[in-house]
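Please open the model in your viewer and keep the selection tool at hand. The tour moves from a small set of strands to a helix and then to the pockets.

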Amino acid sequence: MLSVQKQQENCSSVQHYKRSGTADFMRVMATLHRERRDTLAKACAEWDKRQVGNEPIGNALFSKKYKFTACPIYKSGSSTFLRSILEMEGVNQTPMQFNGLMAEGRKRRIAALPTAEKKQEIWDQYLNVILVRSPFERFVSAYTDKLVPTGRGYTYVFKPLSKNFRNQFISIRANVSERTAKEEHATFEDFVNHLIRNQDGSRDHHWRSYEAWCSACNHGYDVIMKMETLSDDVRYVAELLGISPEHRNWFFPSSKPATDIHKTERFFKTVPKNLSLALYEMSKRDFDMFGYPKPNWLW
């Protein structure tokens with residue numbers, strides 16, 4: 001993990017971006033990310049009675065060219081991290097199908113390194129990055145992408161899963177009239193019922209917790225990017241690492257904030273409040289670690 005001093009040294013050495021105000025921007029962002037690390041440290045002390053660790057995590061992708069790692073989280077930029085790192089490492093992705101991309105990605109995970117010493121060396125010397133979003137927004141994103149017919153991810157894998165959730169929970173829907181609905185996919189209420197009845201280990205990758213994926217208290221991260229501030233965070237990381245214009249086109253090229261708090265609230269308003277509160281309590285560690293407050297509409 002790079003020290004704050006080392007990050008500041010990297011900031012001063014970056015020559016790629018010549019825009020006015022860059023130095024001020026980098027100072028502001030360094031302060032913001034220090035505050036995010038402090039928030040994580042406080043949550044780790046409260047939840048685990050420990051300091052943030054510095055163990056390498058096998059799941060993390062790494063780029064030798066730019067010397068950074070990224071712990072990929074489904075529904076929070078994992079595909080973009082994978083594709084951008086493969087491009088940075090000179091992998092031709094044009095002819096690849098999904099399975100080919102995954103295979104190439106596995107070669108560039110910390111777990112693929114040959115020794116424990118090498119894994120720790122990479123973790124100590126590289127900039128370690130994670131990208132998160134509000135946990136409830138991530139659940140809504142997963143539902144709308146994977147579990148409804150209009151979603152791009154509503155494929156042969158997730159269509160039967162959605163139907164299974166529907167069949168499991170249709171009889172306990174709060175609105176009695178919806179218990180005889182003819183649609184064959186899960187409602188958002190069905191999805192929430194599934195989440196609160198299943199711990200991380202039995203959940204699909206797309207809705208497992210941040211703790212299950214990246215265990216921030218064990219591993220620690222130098223930069224905690226957020227979807228809510230994605231444009232600024234992408235610029236900050238790109239300048240820290242000196243990412244070239246060519247590779248910058250792959251590194252979150254459309255980096256506007258990919259969030260919609262009103263959409264999230266609309267979906268949760270269709271769910272009985274006791275279920276939403278139960279899901280919040282199950283997800284509270286993720287909220288606390290990354291500084292997300294309890295939604296106002298849950299009070």
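Begin by selecting strand 2, residues 68–71, where F68 and A70 point one way while T69 and C71 point the other way, and all of them are buried. In a regular strand the side chains alternate between the two faces of the sheet. Strands here are DSSP runs of E with at least two residues, helices are runs of H or I with at least four residues, and both are numbered from the N terminus; buried means under 20% relative accessible area, against over 50% for exposed and in between for partly exposed, with a 1.4 Å probe and protein chains only.

Before going further, note that this is a predicted model, in which local features need pLDDT of at least 70 and side-chain atom pairs count only at pLDDT 80 or more, whereas totals for chains, interfaces and linings use all residues. Residues are numbered from 1 along each chain as its sequence is written, and side-chain values use heavy atoms, with hydrogens and water left out.

Now add strand 1, residues 61–63, which pairs with strand 2 in the antiparallel sense over 3 bridges; two strands pair if DSSP finds at least two bridges between them. Within this pairing F62 stands opposite T69. The two strands form a hairpin with 4 residues between them, and K67, in the turn, has a positive phi of about 55 degrees. On adding strand 3, residues 127–132, you will find that strand 3 runs parallel to strand 2 and is joined to it by 4 bridges, with L127 as the bridge partner of F68.

Next select M88, which lies in helix 3 and is buried, with a relative accessible area of 4%. Although M88 and S63 are 25 residues apart along the chain, their C-alpha atoms are separated by 7.1 Å. Which residues is M88 in contact with, leaving aside its neighbours within four places in sequence? They are S63, K65, Y66, F68, I243, H247 and F251, where contact means heavy atoms within 4.5 Å.

Move on to helix 6, in which 12 of the 12 residues are buried, so it is largely enclosed by the rest of the structure. Its buried residues pack against helix 7 (158–169), helix 8 (188–196), helix 9 (210–214), helix 13 and helix 14 (273–289). The end C-alpha atoms of helix 6 are 16 Å apart, which agrees with the 16 Å that its 12 residues should span at 1.5 Å a residue; the expected span is 1.5 Å times one less than the number of residues.

Helix 6 also leads to the largest pocket, since selecting the lining brings up 43 residues, of which K75, S79, D145, K146 and R152 lie nearest the centre. A pocket is an open set of points on a 1 Å grid over the protein atoms alone, where a 1.4 Å probe fits, with protein on both sides within 12 Å along at least five of seven lines, and lining residues have an atom within 4 Å of a point. The largest share of this lining, 6 residues, comes from helix 6.

Finish at the second largest pocket, where S134, I261, P293, P295 and W297 are the closest to the centre among the 15 lining residues. Helix 13 gives the most to this lining, with 4 residues.
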